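Trainee: I'd like to go through this one with you. Can we take it piece by piece?

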Amino acid sequence: MVTGKGGVGKTTVAAALAIALASHGDRVLLVEVEGRQGLAQLFELEPLPYFEMRLGEIDADLRLLAVDPEEALLEYLDLFYKMGRAGRVLRRLGAIDFATTVAPGLRDILLTGKVKEATTRTDESGQRRYRAVVLDAPPTGRIGRFLNVTAEAARLAKLGPIKSQSEGVAALLRSPMTSVHIVTLLEEMPVQETTDAMRELTALHIPIGKIIVNAASPPLLTARVTQADIKKGLVAAGLPADKPTVTGLQSEANAHLARQAVEEQLREELGRLGRPIVELPLLSDGVDLSGLQRLAGILAG
Amino acid sequence: MPTNQDARFDVDAVLGDPAVRIVVCCGSGGVGKTTTAAALALRAAEEHGRNTVVLTIDPARRLAQSLGLTELDNVPRQVKDTPLHAMQLDMKRTFDEVVLTHTARERAKEIFANPFYQAMSTTFSGTQEYMAMEKLGQLRASSEWDLIVVDTPPSRSALDFLDAPARLGRFLDGRMLRLLLAPARAGGRSMFNLVTASFGIFSKAVQKILGAQLLTDLSGFVSALDSMFGGFRERAEQTYRVLQDPQTAFVLVAAPEPDAVREAAYFADRLRAERMPLAGLVLNRMHFSGVPQLSAPESTEAAQILAQSHPAAAQVLEVHELLMRQVSREATVASHFTDRFPEVPVVRVPAQPTDVHDLVGLRTIGHALANRSPEDGTET
């Protein structure tokens with residue numbers, strides 16, 4: 001599972017992780033649950049249908065799924081209550097929307113339930129259908145509630161299939177099969193939320209994997225640079241070395257140093273959390289498939 | 001590059017216009033909405049002498065502290081050393097207030113004790129958006145304020161702010177709620193109707209899934225609230241209409257990232273369709289170079305030449321190259337919005353080296369919002 005503060009690149013990292021896991025010929029499923037169609041946008045596809053679609057563009061068995069709570073509820077009702085056609089009528093009535101709104105916890109149980117189903121699905125020979133399932137999970141602000149399915153279920157139902165299903169999900173989430181990776185940027189708020197999420201997940205006994213620093217840039221400067229040094233360099237390189245150019249470059253360098261110092265501090269803060277840290281570089285040409293494969297290489301290494 | 005062609009968003013003209021009574025800051029999560037709202041409000045109060053209140057939703061801890069938002073009593077408080085007032089939305093308390101104004105005290109007590117009400121007033125999706133609208137309506141009704149600046153909830157989608165109140169209103173008014181609570185009555189006359197038949201099944205399924213207790217609570221809640229059902233929707237609609245009034249100015253906030261800009265474009269489309277007045281776009285966290293004439297490839301080449309002989313200068317050129325690439329990437333991302341909405345004025349706010357969490361920082365942002373983008377300096 002991949003979480004992180006909104007806007008840090010969770011979907012990108014989740015996709016890179018899935019590609020890394022699929023690179024040895026294993027079948028991997030990449031799932032999103034937020035109804036954003038973020039995977040379709042990332043891979044420049046039409047909105048994903050509600051089935052596990054194989055990504056055609058790469059030489060690996062990677063499948064994509066956008067879980068929709070409505071579809072998951074219908075599937076669930078069909079499974080336990082045999083409501084084929086009636087379910088579709090209910091959807092037209094807006095009943096499904098109603099049920100998932102009236103009990104937001106139900107929505108999360110259905111979504112995590114679907115993920116569990118895919119994770120534990122086996123083929124005829126009893127082999128797991130997927131070597132790994134990567135979930136582009138809700139952001140740090142909601143991850144605790146999203147994963148704390150048993151508490152939600154207890155509020156909803158004392159008995160019945162929902163209760164046993166949520167217990168199954170809860171057991172899976174707390175088992176070594178699960179690992180929640182937290183994506184962050186070297187910025188104050190995402191790091192703060194990483195710390196908060198770690199505390200929350202630890203309290204829920206959900207295993208935490210790596211901290212993934214996205215869009216990191218390596219420190220370029222070792223110390224302050226004087227105007228004289230900049231000027232000499234520009235002259236040696238045959239570039240204009242007028243005063244505005246020199247002072248302009250110096251102030252850019254100073255701003256970079258200030259930023260570097262902040263980032264160094266944040267790195268230390270992350271280091272204190274005691275989890276392995278991976279840094280992924282900023283993809284300066286935008287996120288495309290080759291960029292994702294590059295990130296996958298780093299995650300795999 | 002389109003940077004200098006699009007209309008400049010004149011923030012001071014909006015903040016100083018006595019006809020503008022409400023400024024709504026909207027945009028996707030994590031783009032600096034709350035900071036922008038606070039900076040605009042502070043500027044309106046300090047520079048334009050307007051009696052201003054800022055309604056924040058979920059400010060970062062340190063920003064909340066510097067705005068004095070530690071007392072969570074759901075009423076505006078003056079921010080220390082400034083004429084500005086600020087408050088943080090307390091969703092539950094606001095909901096309670098709504099109930100209290102619309103029902104007798106005894107009834108209200110019953111409602112407050114209902115477990116379903118307790119769950120709904122804190123976790124129901126859309127409650128936060130609805131209560132933000134409600135609070136805005138209340139602040140507007142008290143004629144105390146010249147200007148109300150509203151931050152919008154950190155929704156999954158920026159559009160939730162516009163849609164959630166109506167959704168909640170529909171839910172509370174809803175046929176669905178009544179059908180669910182009285183399936184027998186609804187299905188009584190037309191037994192063979194597939195709709196009602198499947199509804200009966202559904203209701204049973206819901207009972208099994210959610211448990212009978214929840215339905216009982218829900219039923220109690222609904223009958224207790226019965227008297228104020230119409231009121232909910234009406235109030236949401238009233239506030240919605242205020243948002244279409246020229247006394248409101250929407251300020252879109254985005255960061256130069258593809259998702260944020262895409263979201264801003266959706267929102268601009270929607271505002272246009274709803275005839276809601278969009279005053280301008282704030283592009284936060286933009287980067288600028290003081291030496292734009294030295295291109296990224298030139299810098300790379302020079303840095304390679306100088307790597308051995310002048311290592312310090314080479315490093316500086318690498319920093320410049322990185323910055324130039326970022327500037328051009330941001331310009332490309334921003335142009336996805338500005339090309340589509342050339343009529344929407346834009347202001348670009350430079351990235352701050354650290355997060356803003358004090359009044360000094362907010363004033364700096366306010367200054368940048370008002371007109372001092374660095375390009376001005378390099379143009380002449």
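Trainee: Of the contacts in chain B between residues at least 6 apart in sequence, what percentage join residues at least 24 apart?
Mentor: Keep in mind that this is a predicted model. We take the chain B contacts whose residues are at least 6 apart in sequence, and then ask which of them join residues at least 24 apart. The share is 76%.

Trainee: And what is that percentage in chain A?
Mentor: The count works like before, with contacts between residues at least 6 apart in chain A and a cut at 24. Chain A has 13 helices and eight strands, and buried residues make up 44% of its 301 residues. The share of contacts joining residues at least 24 apart is 69%.

Trainee: How much of chain B is buried?
Mentor: A residue is buried if 20 or more other C-beta atoms lie within 10 Å of its own. Chain B holds 18 helices and eight strands. Out of its 380 residues, the buried part is 46%.

Trainee: How far apart are the end C-alpha atoms of helix H4 of chain B, residues 91–102?
Mentor: Start from the expected span: H4(B) has 12 residues, and at 1.5 Å a residue they should span 16 Å. The model agrees with that, because the end C-alpha atoms are separated by 17 Å.

Trainee: Where do the buried residues of H4(B) lie, seen down its axis?
Mentor: The buried ones are Met91(B), Thr94(B), Phe95(B) and Val98(B). Looking down the axis, the buried residues fall within an arc of 100 degrees, so they line one face of the helix. A general point helps here: an α-helix has 3.6 residues a turn, so residues three or four places apart point the same way. The answer, then, is one face of H4(B).

Trainee: On to chain A: how is helix H1 (residues 10–22) oriented to helix H13 (residues 289–300)?
Mentor: Their axes come within 8 Å and cross at roughly 65 degrees. Angles of 65 to 115 degrees count that way, so H1(A) is, relative to H13(A), roughly perpendicular.

Trainee: Which residues of H13(A) make that contact?
Mentor: H1(A) passes H13(A) in a right-handed crossing. From H1(A), the contact uses Ala15(A), Ala16(A), Leu17(A), Ile19(A) and Ala20(A). From H13(A) come Leu292(A), Gln293(A), Leu295(A), Ala296(A), Leu299(A) and Ala300(A).

Trainee: Is Ser23(A) buried, exposed or partly exposed?
Mentor: You'll find Ser23(A) in the loop between H1 and strand E2 (28–32) of chain A. Leaving out residues up to four places away in sequence, Ser23(A) touches Ala60(A), Ala296(A) and Ala300(A). Because Ser23(A) has 18 C-beta neighbours inside 10 Å, the verdict is partly exposed.

Trainee: How many angstroms separate the C-alpha atoms of Ser23(A) and Gly297(A)?
Mentor: Along the chain, Ser23(A) and Gly297(A) are 274 residues apart. In space, their C-alpha atoms are separated by 9.2 Å.

Trainee: How is H11(A), residues 227–236, oriented to H12(A), residues 243–271?
Mentor: These helices pack with their axes 9 Å apart, at an angle of about 120 degrees. H11(A) passes H12(A) in a right-handed crossing. That angle makes H11(A), with respect to H12(A), oblique.

Trainee: What is phi near in Glu44(A)?
Mentor: Glu44(A) belongs to the loop between helix H2 (38–42) and strand E3 (53–54) of chain A. Glu44(A) is exposed because 9 other C-beta atoms lie within 10 Å. Phi has a positive value in this residue, which is other than glycine, and is near 55 degrees.

Methods
Residues numbered from 1 in each chain as written. Chains lettered and ligands numbered in written order. Predicted model: local features only at pLDDT ≥ 70, side-chain atom pairs only at ≥ 80, totals over all residues. Helix = DSSP H or I, 4+ residues; strand = E, 2+ residues; numbered from the N terminus. Buried ≥ 20, exposed ≤ 12 C-beta atoms within 10 Å, placed from the backbone. Contact = placed C-beta atoms within 7 Å. Expected span 1.5 Å × (residues − 1). Arc of directions from axis to C-beta. Axes fitted to C-alpha atoms, helices over the stretch in contact; angles between N-to-C directions. Parallel < 35°, antiparallel > 145°, perpendicular 65-115°, else oblique. Left-handed = near helix turned anticlockwise from the far one by under 90°.
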